[in-house]
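Reader: Please pick one part of this model and walk me through it closely. I want to know what packs against what, and which residues make the contacts.

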Amino acid sequence: MSPSSANVVKSAARVLEIFELFDELRRPVSINEVADCLGYPHSSAAALLRSLENLGYLEYDSIEKEFFPSIRISMLG
């Protein structure tokens, strides 16, 4: 953890990293891909993605088992 990130809440930083990953990849992603790309434990990636889905920021494709941003993301600003 860099000195500037010492005062950052880990969960808040991870949510923003997930949003940035979607911006970079520009496609749906699986839990495993998020965990691998960002170096998170699988359980943490799953909990964050499910929470963001429950809050309406992500959609989930149960057939492909992938998450993708909802329209609510674009409304953030």
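Author: A helix axis here is a line fitted to C-alpha atoms over the stretch in contact, and angles between N-to-C directions run from 0 to 180 degrees. The model is predicted. The part to look at is helix H2 (31–38), with its neighbours.

Start with helix H1 (residues 10–25). H1 and H2 have axes 11 Å apart and pack at about 100°. Angles of 65 to 115 degrees count as roughly perpendicular. H1 and H2 are therefore roughly perpendicular to each other. From H1, the contact takes Glu17, Ile18, Leu21 and Leu25. From H2, it takes Glu33, Val34, Cys37 and Leu38. Sorted by class, this contact has six nonpolar residues, two charged ones and no polar ones.

Which residues of H2 are buried? They are Ile31, Glu33, Val34 and Ala35. Their cover includes H1, H3 and strand E2 (66–69).

Take Val34 next. Leave aside residues up to four places away in sequence, and Val34 touches Ile18, Leu21, Val29, Gly39, Tyr40, Ala45 and Leu49. Ile18 and Leu21 also belong to the H1 side of the H1–H2 contact. Val34 stands out in the largest nonpolar core too. That core has 18 residues, and Ile18, Val34, Leu49 and Leu52 touch the most other members. H1, H2 and H3 each give the core at least two residues.

Glu33 is a charged residue on the H2 side. How exposed is Glu33, given its relative accessibility? The value is 19%, so Glu33 counts as buried; the cut-off is under 20%. Glu33 pairs with Arg27 in a salt bridge, with the closest N and O atoms 2.5 Å apart. Arg27 has 37% relative accessibility and counts as partly exposed. Glu33 is also part of the contact with H1.

Now look at what comes before and after H2. Arg26 sits in the loop between H1 and H2. Its phi is positive, about 55°, although Arg26 is not a glycine. Most residues other than glycine have a negative phi. Arg26 is exposed, at 66% relative accessible area. The side chain of Arg26 meets that of Asp23 in a salt bridge, 3.0 Å from N to O. Asp23 is partly exposed, at 45% relative accessibility. On the other side, Gly39 follows H2, and its phi is positive as well, near 70°. Gly39 is also among the residues that Val34 touches.

Next comes the other partner of H1. H1 also packs against H3 (residues 42–54): the axes come within 11 Å and cross at roughly 75°. That makes H1 roughly perpendicular to H3. Here H1 brings Ser11, Arg14, Val15, Ile18 and Phe19. H3 answers with Ser44, Leu48, Leu49 and Leu52. By class, the residues of this contact are six nonpolar, two polar and one charged. Ile18 appears here, and Ile18 is also in the contact with H2. Leu49 sits in the H3 side of this contact and touches Val34 of H2.

H3 carries a salt bridge of its own. The side chains of Arg50 and Glu53 meet at 3.2 Å, N to O. Where do Arg50 and Glu53 lie? They lie in H3, three residues apart, which is about one turn of the helix. An α-helix has 3.6 residues a turn, so residues three or four places apart point the same way. Arg50 is partly exposed at 32% relative accessible area, and Glu53 is partly exposed at 25%. The count of salt bridges comes to three.

Last, strand E2, which helps to cover H2. Lys65 lies in the loop between strand E1 (58–61) and E2. Its phi is near 60°, a positive value in a residue other than glycine. Lys65 counts as exposed, at 53% relative accessibility. Ser70 lies in the loop between E2 and helix H4 (71–74). Ser70 is buried, with a relative accessible area of 10%. Leaving aside residues up to four places away in sequence, Ser70 touches Gly56, Tyr57, Leu58 and Glu59.

Terms used:
Residues numbered from 1 in each chain as written. Predicted model: local features only at pLDDT ≥ 70, side-chain atom pairs only at ≥ 80, totals over all residues. Heavy atoms only, no water. Helix = DSSP H or I, 4+ residues; strand = E, 2+ residues; numbered from the N terminus. Parallel < 35°, antiparallel > 145°, perpendicular 65-115°, else oblique. Contact = heavy atoms within 4.5 Å. Nonpolar A, V, L, I, M, F, W, Y, C, P; charged D, E, K, R; others polar. Core = buried A, V, L, I, M, F, W, Y, C linked by side-chain atoms within 4.5 Å. Buried < 20%, exposed > 50% of the residue type's maximum accessible area, 1.4 Å probe, protein only. Salt bridge = Lys/Arg side-chain N within 4 Å of Asp/Glu carboxyl O.
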